[in-house]
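Dear colleague,

Please find below the structure that I agreed to pass on to you. My notes on it follow directly after.

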Amino acid sequence: MFRFIHSADWQLGARFSQFGARASQLREARLTTLRRALDLARQQAVDAFLIAGDLFEDNQVDNALVTAVIDLFRERPDVPVYLLPGNHDPASGPDSIWERPAFRNAPSHVRVLTTAQALDLGGGVHLLAAPLHQKLSTLDPSLKLRDLAASLPSGTLKIGLTHGALAIEGKHQPNDFPIALDAASRAGLDYLAIGHWHSWISETDGGRIVMPGTPEPDRFDHERCGQVALVELAGPGVPAKVVALPVATLTWESLSFDFLSADASRSSLEHAFNALRERAATCVVRVTLKGNATPQGRRETLAWLEGALAPFFVSQRIDRTALALSAPELADLQHRHPLLAQVLNDIDRMEVLATGSGSVSLPPLGEGTGVAAVAPPTAPLSLAEAQRLLDHSRTDLASLKTEDFVLLRQVLLQTLQEVAP
Ligand SMILES: [Mn+2]
């Protein structure tokens, strides 16, 4: 029985420059997560802690960070660490991070695998490593594992370690170290520990190839991350038992607010904030605002959001709000675009037919607007014409309410602004 933790893609030292003053706390969270994962490894009394590439963001990260990482390893001498250079931190020569004094003087239970090699871990277990030496390559790095495995006696437990994209048709770049989908069975490996993508994938090659994803989420749109793999290998040829252990410090939540339905947006955001309240101190929240708003409506919403977002560890507002057209601007737009004037007049007419009354989309012209009156539509819409137009969308004229027409005008004007700002 051989038990180990398989992790990858820590990208320690990631800049997070979009978060300004909070960036250092986001970087700090990743070290907290590494400490937690190493402590889990110790509790589980594993035989090894594998890092399948990209421990660091790049080869330029601060020496202080490198020292902090080595110290975490040093404090846990009972957790043997095997480190593989990935595409972010390739073993590219004298300037690579692995040549820094901190690594050259690292304790003996920390092994950096800068060359392709098969390590005898004792008890009939071999670790076969294929590190990366550059940032891009069209070559499958697992081919080296096949060569290494060929020289080992059969009947030994073989664990591969490399870094690259799974060569799934249409889902990888050709120069992103494409790893064949049968790389483990092709090389006769019992398990192939890889890293590179940030989401957990464990079904490839009959479960022999595992990509654990990043242990600490670093984006809003990544799923199945924040875990390391705890792997048990009972013996050669026996399927691996793989369990995902959650280790992440922070969660990332992306929410939105649409002025098109401001009330509904606000209540659904309030609901979401309440659901996150208990873990607000470890939550990175982003709210994207969109739609058309009056200056006052936008101000009020932003002020409310500022208070609502205050309890969160990090919050970000992306303001894609467009200012709603003022009455003179709308009149001017209709004046310059008779077709738009026609459509708005048809909407007004349809509202009258459906509800018996109507709001008028045209502002009063003349005084103050400085815009000449808009030409009247070619002909008012008749009841029969309105019904015929609605038949196409299987809509019953009598079912339409005033709010539907308000929304219809908003959608029309908002779409126009988005398509032709
Ligand atoms: Mn990578």
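In which sense do strand 13 and strand 14 pair, and over how many bridges? The pairing of strand 13 with strand 14 is antiparallel and runs over six bridges. Helices (H or I, at least four residues) and strands (E, at least two) are DSSP runs numbered from the N terminus, and two strands count as paired if DSSP finds at least two bridges between them.

Before the details, two remarks on conventions. Residues are numbered from 1 along each chain as its sequence is written. The model is a predicted one, in which local features need a pLDDT of at least 70 and side-chain atom pairs count only at pLDDT 80 or more, while totals for chains, interfaces and linings use all residues.

Overall picture

The mean pLDDT of the chain (the predictor's confidence in each residue, from 0 to 100) is 92, and 95% of the residues score at least 70. Residues 363-371 fall below 50, and this stretch has 15 contacts in the model beyond near neighbours in sequence. A contact here requires that the C-beta atoms of two residues, placed from the backbone, lie within 7 Å.

Three domains are assigned: domain 1 (2-246), domain 2 (251-323) and domain 3 (327-419). These bounds come from an automatic or database domain assignment. Between the C-alpha centres of domain 1 and domain 3 the distance is 61 Å. The C-alpha trace spans about 90 × 45 × 40 Å along its principal axes. The radius of gyration of the chain is 30 Å, whereas a compact globule of 421 residues would have one near 22 Å; the value is taken over C-alpha atoms, and the globule rule is 2.2 Å times the number of residues to the power 0.38.

The chain holds 11 helices and 19 strands. Of its 421 residues, 35% are buried, a residue being buried if 20 or more other C-beta atoms lie within 10 Å of its own, exposed if 12 or fewer, and partly exposed in between, with C-beta atoms placed from the backbone. Among contacts with a separation of 6 or more, 72% link residues 24 or more positions apart.

The sheet containing strands 13 and 14

Strands 13 and 14 belong to an open six-stranded sheet with mixed pairing, in the order 4-3-2-1-13-14. Strand 4 (110-112) and strand 14 (241-246) each have a single partner strand and stand at the edges, so one side of each lacks a neighbour in the sheet. On average, neighbouring strands of this sheet are turned by 20° against each other, direction ignored.

Strand 1 (residues 2-7) runs parallel to strand 2 (residues 48-51), to which four bridges join it; His6 stands opposite Leu50 there. Towards strand 13, strand 1 is antiparallel and is joined by five bridges, with Arg3 facing Glu232 as its bridge partner. Between strand 13 and strand 14, Val231 has Val242 as its bridge partner. Strand 13 is mostly covered, as five of its seven residues are buried.

Helix 1 (residues 23-43) lies across strand 1, strand 2, strand 13 (227-233) and strand 14, at about 175° to strand 1. Axes are lines fitted to C-alpha atoms, for helices over the stretch in contact, and angles run from 0 to 180 degrees between N-to-C directions. Leu38 is part of helix 1 and counts as buried because it has 20 C-beta neighbours inside 10 Å. Leaving aside residues up to four places away in sequence, Leu38 touches Phe49, Leu72, Arg76 and Val79. Its C-alpha atom is 8.9 Å from that of Ile5, 33 residues away along the chain.

Helix 2 (residues 63-74) contains Val69, which is buried because 26 C-beta neighbours lie inside 10 Å.

The second six-stranded sheet

Another open sheet of six strands, also with mixed pairing, has the order 5-6-7-10-12-11. Its edges are strand 5 (117-122) and strand 11 (201-204), each with a single partner strand, so one side of each is left without a neighbour in the sheet. From one strand to the next the twist averages 20°.

Strand 11 and strand 12 (residues 209-211) run antiparallel and are joined by two bridges; Thr204 stands opposite Ile209 in strand 12. Helix 4 (residues 143-150) lies across strand 5, strand 6 (125-130) and strand 7 (157-163), running at about 145° to strand 6.

With kind regards
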